[in-house]
Amino acid sequence: MSAETSDLTKVDSAVSGLSSSPTEEKKIGHRRASSSAAGVYNINDLEKEGKELQIAKETQKLNWKLNTSPATLDDKEALKKFLTTPPVKKIDLHFPLGLEVTARNLKGVTIKDALDAIHKQFKKKADDELELPVLAGFEWDKEESWTRLVVHQKKEGAPSGAGKKKNKKDTFDD
C-alpha cells in the first residue's frame with residue numbers, strides 16, 4: 001500500500017509540473033479594471049484628505065421643475081458640467097423634508113446625473129402636488145455632512161425680461 005501512495009505522489013507532482021504558464025492563467029481570471037476616469041474621487045477619500053467641494057454655479061440658473069425631464073432644459077452645455085469640483089463618483093442629495101437620492105457616475109457626477117436622480121423621484125408628481133417645484137440650487141454644508149448636498153427649492157422660476165420693454169416706452173412719452 002505504501003508503494004501505491006508514493007506512486008500517486010509522483011503522479012500528482014508530475015501533473016502540477018505540467019500546468020500552463022502563470023501568465024496564461026492570469027489572462028483567464030482577469031477582471032476588468034474600474035471604469036472610473038482619472039481625477040474622479042470617492043467622496044469619502046476627499047473627506048479624509050479634508051479637500052473642500054465647490055458646487056457648479058450653473059445649477060442656480062437652471063429654473064428646472066423637479067417633475068420635468070432634464071432633457072427639456074435649454075442649457076444643454078450646463079448639463080454636461082461636473083456638479084462638484086473636484087468631480088466625485090457619487091454624492092447624496094438631501095431634501096429638507098428628509099428625502100435623499102444618490103447621483104452616481106464613475107466618470108464624475110454631472111449636473112445632468114443629479115437632475116436625473118431627482119427627476120426619478122418626482123416624475124409621477126403633478127405640479128400642484130409639489131409645494132416648491134423648482135430647483136433653486138445645491139448647498140454643501142461640511143459641518144452637517146461632508147458626503148451630501150442639500151437641495152434648495154423655490155416656488156417658481158425667474159421671471160422673463162418683459163419689464164425692460166415697459167421702461168423704454170416710458171422714456172419715449174416725454
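**Close-ups of a predicted model: Ile91, the core and the sheet**

**View 1. Ile91 and what surrounds it.** Leaving out neighbours within four places in sequence, Ile91 is in contact (heavy atoms within 4.5 Å) with Ile43, Leu53, Leu83, Thr84, Val101, Thr102, Ala103, Val109, Thr147, Arg148 and Leu149. This is a predicted model, so local features need pLDDT of at least 70 and side-chain atom pairs count only at pLDDT 80 or more, while totals for chains, interfaces and linings use all residues. Residues are numbered from 1 along each chain as its sequence is written, and side-chain values use heavy atoms, with hydrogens and water left out.

**View 2. The largest nonpolar core.** A nonpolar core here is a set of buried (under 20% relative accessible area, 1.4 Å probe, protein chains only) Ala, Val, Leu, Ile, Met, Phe, Trp, Tyr and Cys residues joined through side-chain atoms within 4.5 Å. Of its 31 residues, Trp64, Leu83, Ile91, Leu93, Leu115, Ile118 and Phe138 touch the most other members. Helix 6 chips in the most, with 6 residues.

**View 3. The open sheet.** Its 4 strands (DSSP E runs of at least two residues) come in the order 4-3-6-5, with mixed pairing. Strands 4 and 5 are the edges, each pairing (at least two DSSP bridges) on one side only.

**View 4. Strand 5 beside strand 6.** These two pair in the antiparallel sense over 6 bridges. Look for Leu135, whose bridge partner in strand 6 is Gln153.

**View 5. Helix 6 over the strands.** Helix 6 (a DSSP H or I run of at least four residues) lies across strand 3, strand 4 and strand 5. Helix 6 runs at about 140° to strand 4, with axes fitted to C-alpha atoms over the helix stretch in contact and angles taken from 0 to 180 degrees between N-to-C directions.

Key:
Buried means under 20% relative accessible area, exposed over 50%, partly exposed in between (1.4 Å probe, protein chains only).
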